[in-house]
Amino acid sequence: MNNNLNSLNNYLFEQLERLNDDEELQKDGQLEKELKRAKAISEVSTAIVNNAKLVLEAKKYADEFGINENEVLKLKENKDD
């Protein structure tokens with residue numbers, strides 16, 4: 001899986017298709033397994049999207065104040081010291 005939002009979107013649709021596969025879900029325990037899987041995927045996906053929103057907001061503010069992205073990372077590194 002590629003690490004980008006487009007790939008995440010495709011993966012979410014794949015999961016939706018699995019949840020819509022009546023024949024496969026009728027097998028013993030398969031529905032419960034897919035529901036747990038879908039919940040986990042949803043939670044991780046939400047975290048990824050929220051992180052992407054945060055990165056976008058940070059870039060907007062950096063652009064607005066004329067701060068170079070590398071300078072923001074450098075400030076973070078110095079703060080951790």
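# Close-ups of a four-helix chain

**Figure 1. Lys39 and Glu43 are separated by about one helical turn, because they stand four residues apart in helix 3.** Helices here are DSSP runs of H or I with at least four residues, strands are runs of E with at least two, and both are numbered from the N terminus. The side chains of Lys39 and Glu43 meet in a salt bridge, 2.9 Å from N to O. That term asks for a side-chain nitrogen of Lys or Arg within 4 Å of a carboxyl oxygen of Asp or Glu. The general idea is plain: side chains of opposite charge can pair when their charged atoms come close. Lys39 is exposed, at 54% relative accessible area, while Glu43 is partly exposed, at 48%. For the cut-offs, buried is under 20% relative accessible area, exposed is over 50%, and partly exposed is in between, with a 1.4 Å probe and protein chains only. A word on the model itself: it is predicted, local features need pLDDT of at least 70, side-chain atom pairs count only at pLDDT 80 or more, and totals for chains, interfaces and linings use all residues. Residues are numbered from 1 along each chain as its sequence is written, and side-chain values use heavy atoms, leaving out hydrogens and water.

**Figure 2. The whole chain, for orientation.** Read along the sequence, the pattern is α-α-α-α, which gives four helices and zero strands. Buried residues account for 12% of the 81 residues. The accessible surface of the chain comes to about 7100 Å², with 52% of it belonging to carbon and sulfur atoms. Areas like this come from the Shrake-Rupley method with a 1.4 Å probe, and for residues only the protein chains shown count as cover. As for confidence, the chain averages a pLDDT of 87, and 83% of the residues score at least 70. (pLDDT is the predictor's confidence in each residue, from 0 to 100.) Among the elements, helix 1 (residues 5-19) has the highest mean pLDDT, 94, and helix 4 (residues 69-80) the lowest, 63.

**Figure 3. Helix 3, end to end.** This helix has 35 residues and reaches 50 Å from its first C-alpha to its last, close to the 51 Å expected at 1.5 Å a residue. The expected span is 1.5 Å times one less than the number of residues. Gln30, Glu34, Ala38, Ile41, Ser45 and Ala62 are buried in helix 3. After the helix comes Gly66, with a positive phi near 70 degrees.

**Figure 4. Zooming in on Ser45, a residue of helix 3.** Ser45 counts as buried, with a relative accessible area of 6%. Which residues does Ser45 contact, leaving aside its neighbours within four places in sequence? They are Leu8 and Leu12, where contact means heavy atoms within 4.5 Å.

**Figure 5. The nonpolar patch made by Leu5, Val44, Ile48 and Val49.** Together these residues offer about 310 Å² of accessible area on the surface. To join a patch, a residue needs over 30% relative accessible area and no salt bridge; like charges are joined within 9 Å, and nonpolar side chains (Val, Leu, Ile, Met, Phe, Trp, Tyr) within 5 Å. Helix 3 (residues 30-64) supplies the largest share of the patch, three residues. Val49 lies in that helix and is partly exposed, at 34% relative accessible area. Although Val49 and Leu5 are 44 residues apart along the chain, 7.8 Å separates their C-alpha atoms.

**Figure 6. The salt bridge of Glu24 and Lys27.** The side chains meet at 3.2 Å, N to O. Glu24 is partly exposed, with a relative accessible area of 30%. Lys27 is partly exposed as well, at 46%. How many salt bridges turn up in a search of the whole structure? The search finds five.

**Figure 7. Glu57, Lys60 and then a charged network.** Glu57 pairs with Lys60 in a salt bridge, the closest N and O atoms being 3.7 Å apart. Both residues lie in helix 3, three residues apart, about one turn of the helix. Glu57 counts as partly exposed, at 35% relative accessibility, and Lys60 is partly exposed too, with a relative accessible area of 47%. Elsewhere, salt bridges that share partners join Arg18, Glu34 and Arg37 into one network.
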